[in-house]
Structure formats: C-alpha cells, structure tokens
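Student: Please take a close look at one of the cysteines in this model. I would like its setting described first, and then the other cysteines for context.

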Amino acid sequence: VEFCERSSCYAALHSSDATEIFKATGLTQTRHFCRALRVQCTGRDDAFVGWIGDQCLSPGVMQMAKPFAECLGLEEGEQIEVFSHSAPLARSVMVQPNSIDDFEVVELQATFIEENLLKQVSVLMPGMAFPVWVHGLVAMLRVDPADANTSPCFMLGLDTELAIESRRRSEGVPISSGS
C-alpha cells in the first residue's frame, strides 16, 4: 500500500497488476464503470475498494488516498494481496455523517455531493466509514449499520438512492438573566 494525493476512495494499480488480477478470475468485462477489489491483510478482515482504471507507476503497489486507507485500517508500506470481487449493485444506501461538523458540510454542499459522489467512491461495506472531499474539506460518512445491504461489499451506481441521516447541533440551554 502506498499513500498518494488523490481526492477519492478509488485505488490505483499498475497496468500489469490490473491485467493479472482480472485475468485470474475471468472478470475482464463489466457493465459498471468500477470494479471491486478484495484487499486481504494478514490478521484482519478483508477490505473492499473500487478501481476505475487509475494507473500507478510502480508494479506491485496499490495506491490510495491516506484518509481512505486509514478508514480501512491500512498503513503505508503494508503488504497486501488483491483479488477481483463480484459485488452486487445497491438499490439504496443509508449513510450517516460521523459528526455534527461533517453533517454541516454535507448539508451545505448536498448538491455538490450528489453530483460528484460517484467520482469519489463506488464500493462500500456495511458499517464502513469513508471520506468525501468537498471543496478542499473532508467530511466523513459512515454506512448506517441498519442499512439493508448485507453482503460483504456492494456498489453504488447511477440509480442507487443515497439517503443521508440528518444530525443537528443541539440547541443551547437558555440562560436566564436572574432578574
């Protein structure tokens, strides 16, 4: 794993690595713009990421944004194994902002997020936290644990309905003047 400066949750692979990964499973063609990858790490659960064709210059390396890698528990320089994975397309997904500050970013930039989310992420897992880049800010979202998608991972598509649970700052406690 190698961290890189990118504003998305997509991985980058060397072309020879991508060819080997997808030939090994026979998943060379797909109708979806993204391909799911299963990332196997020693001593922990598998993680899943998306690949949309982004190229890495170094063979044997998978590059990804540091904020996303941290959500997956991956460390720079960590040795992993990568396999292609057939993931179902989600009809709808419920996500929650991680904090009230994250919700305020989402609330103020809802149109931007709606128009740009698939440019940033497509493969998600139940309960997974993931970053969304909004005009230089990073808001953290989490797939709602009660979401109906129960497979190990699933993909967002153009027709996937995304619902964002609202969170508001609590109102301040009124202060009496004492008179």
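Tutor: pLDDT is the predictor's confidence in each residue, on a scale from 0 to 100. This model is predicted, and its pLDDT averages 89 over the protein, with 89% of the residues scoring at least 70. Among the named elements, strand S2 (residues 10-13) has the highest confidence, at 98, and helix H1 (residues 15-25) the lowest, at a mean of 88. Where pLDDT is low, the predicted coordinates should not be read in detail.

The cysteine to look at is Cys71, which lies in helix H2, a run covering residues 66-72. Its relative accessibility is 27%, so Cys71 counts as partly exposed; the partly exposed class lies between the cut-offs of 20% and 50%. Beyond its neighbours within four places in sequence, Cys71 has contacts with Ala129, Phe130, Pro131 and Met140. Of these partners, Met140 is 69 residues away from Cys71 along the chain, while the C-alpha atoms of the two residues are 9.4 Å apart.

Two other cysteines can be set beside Cys71. Cys41 is buried because its relative accessible area is 6%. Cys4 also counts as buried, because its relative accessibility is 18% and the cut-off for buried is under 20%.

As for disulfides, a pair of cysteine sulfur atoms must lie within 2.5 Å to count as one. The cysteine sulfur closest to that of Cys4 belongs to Cys56, and at 7.9 Å it is too far for a bond. By this rule, the model has zero disulfides.

Terms used
Residues are numbered from 1 along each chain as its sequence is written. This is a predicted model: local features need pLDDT of at least 70, side-chain atom pairs count only at pLDDT 80 or more; totals for chains, interfaces and linings use all residues. Side-chain values use heavy atoms; hydrogens and water are left out. Helices (H or I, at least four residues) and strands (E, at least two) are DSSP runs, numbered from the N terminus. Buried means under 20% relative accessible area, exposed over 50%, partly exposed in between (1.4 Å probe, protein chains only). Contact means heavy atoms within 4.5 Å.
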